[in-house]
Amino acid sequence: MKTVCVYCGSSDKMSEAYLQSAREMGRVIAKRGLTLAYGAGSTGMMGAVADGALDSGGEVIGVIPKLFATPMLMHQGLTRLEIVEGMHTRKQRLAEISDAFIALPGGYGTFEELFEILTWAQIGLHHKAVGILNDRHYFDPLLTVIEHARKEGFIYTEHNALFVCAEQPESLLDMLESYQYPEGMEKWVRREQ
């Protein structure tokens, strides 16, 4: 694992405690000698995670669509910045350059990115680790919905192994580094019993 993609919120309306947590995630990534890849934003948790990594001497790669490549939204101090055509290209590029993925608290965009990368793992498009930083139990309701979907038969039990979850950055990175893609996932695609 060399490059970790972080999905997180860009809103400036959340508690300062969430911003501190995002900075800590960036610091921990950098201290482990890992590169942070993310959406290149300067606001909210996006800016905080990048600043945390940069302040700790880490490398940060930002990938941003032209739509958001403005001085107000785009981080100005990244190690490398890629400006792409649109949102789909941004997500594809982040998936290509990353060895693992982490979702921090966020809104619609973060949920969408998390579920897309999990869906790609589910159907075998990648075998990379996916983690959820359940900071301040932010994701508890979402984890409850996932479990409800599993109980109702919409998610197979083995799909629970497609992601790991922890409340602290260090613990989450430990889990990502030891992650093993679950065996037998192809039987779901082939509808084998």
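**Note on the predicted model**

1. Gly124, just after helix H4, has a positive phi of about 85 degrees. Helices here are DSSP runs of H or I with at least four residues, and strands are runs of E with at least two, both numbered from the N terminus. Most residues other than glycine have a negative phi.

2. Some ground rules. The model is predicted: local features need pLDDT of at least 70, and side-chain atom pairs count only at pLDDT 80 or more, while totals for chains, interfaces and linings use all residues. Residues are numbered from 1 along each chain as its sequence is written, and side-chain values use heavy atoms, with hydrogens and water left out.

3. Two other residues take a positive phi without being glycine. Arg136 has a phi near 55 degrees. His137 has one of about 60 degrees. Arg136 sits in the loop between E6 and helix H5 (140–151), and His137 lies in the loop between E6 and H5 too. Arg136 is partly exposed, at 44% relative accessible area. His137 is partly exposed as well, at 42%. The cut-offs: buried is under 20% relative accessible area, exposed is over 50%, and partly exposed is in between, for a 1.4 Å probe and protein chains only.

4. Start the fold at strand E5 (residues 100–103). Both of its faces are covered. Ala100 and Ile102 are buried on one side, Phe101 and Ala103 on the other.

5. E5 has a partner in strand E1 (residues 3–7): the two pair in the parallel sense over four bridges. Pairing needs at least two DSSP bridges between two strands. Tyr7 stands opposite Ala103 of E5.

6. E5 also runs parallel to strand E6 (residues 129–133), again joined by four bridges. Ile102 faces Gly131 of E6 across this pairing.

7. Helix H4 (residues 108–122) joins E5 and E6 in a right-handed β-α-β unit. Right-handed means this: with the strands pointing away from the viewer, the path from the first strand over the helix to the second runs clockwise.

8. H4 has 15 residues and reaches 21 Å from first C-alpha to last, close to the 21 Å expected at 1.5 Å a residue. The expected span is 1.5 Å times one less than the number of residues. Buried residues of H4 include Leu114, Ile117, Leu118 and Ala121. An α-helix has 3.6 residues a turn, so residues three or four places apart point the same way.

9. Compare helix H2 (residues 44–55). Its twelve residues reach 16 Å from first C-alpha to last, close to the 16 Å expected. Nine of the twelve residues are buried, so H2 is largely enclosed by the rest of the structure. Among them are Met45, Met46, Val49 and Ala53.

10. The largest pocket has a volume of about 410 Å³. Of its 25 lining residues, the closest to its centre are Cys8, Ser10, Met46, Phe68 and Arg90. E1, helix H3 (87–97) and H4 are the elements that give two or more residues to this lining. H4 supplies the largest share, five residues. The lining divides into eleven nonpolar, ten polar and four charged residues.

11. The terms behind point 10. A pocket is an open set of points on a 1 Å grid over the protein atoms alone, with protein on both sides within 12 Å along at least five of seven lines, and lining residues have an atom within 4 Å of a point. Points are joined across faces, edges and corners, and the volume is the space filled by probe spheres set on them. Nonpolar covers Ala, Val, Leu, Ile, Met, Phe, Trp, Tyr, Cys and Pro; charged covers Asp, Glu, Lys and Arg; the others, Gly among them, are polar.

12. The second largest pocket holds about 170 Å³ of space. Its lining includes Phe115, Ile155, His159 and Phe163. H4 gives the most here, with four residues. The split is six nonpolar, four polar and no charged.

13. Two loop residues close the list. Leu78 lies between strand E3 (60–65) and strand E4 (80–84), and is buried at 15% relative accessible area. Its C-alpha is 19 Å from that of Phe101, 23 residues apart along the chain. Gly57 lies in the loop between H2 and E3. At 65% relative accessibility, Gly57 counts as exposed. Gly57 and Phe154 are 97 residues apart in sequence and 43 Å apart in space, C-alpha to C-alpha.

Note on methods: 1 Å grid on protein atoms, 1.4 Å probe; cavity = no way out; pocket = protein on both sides within 12 Å on 5 of 7 lines; lining within 4 Å.
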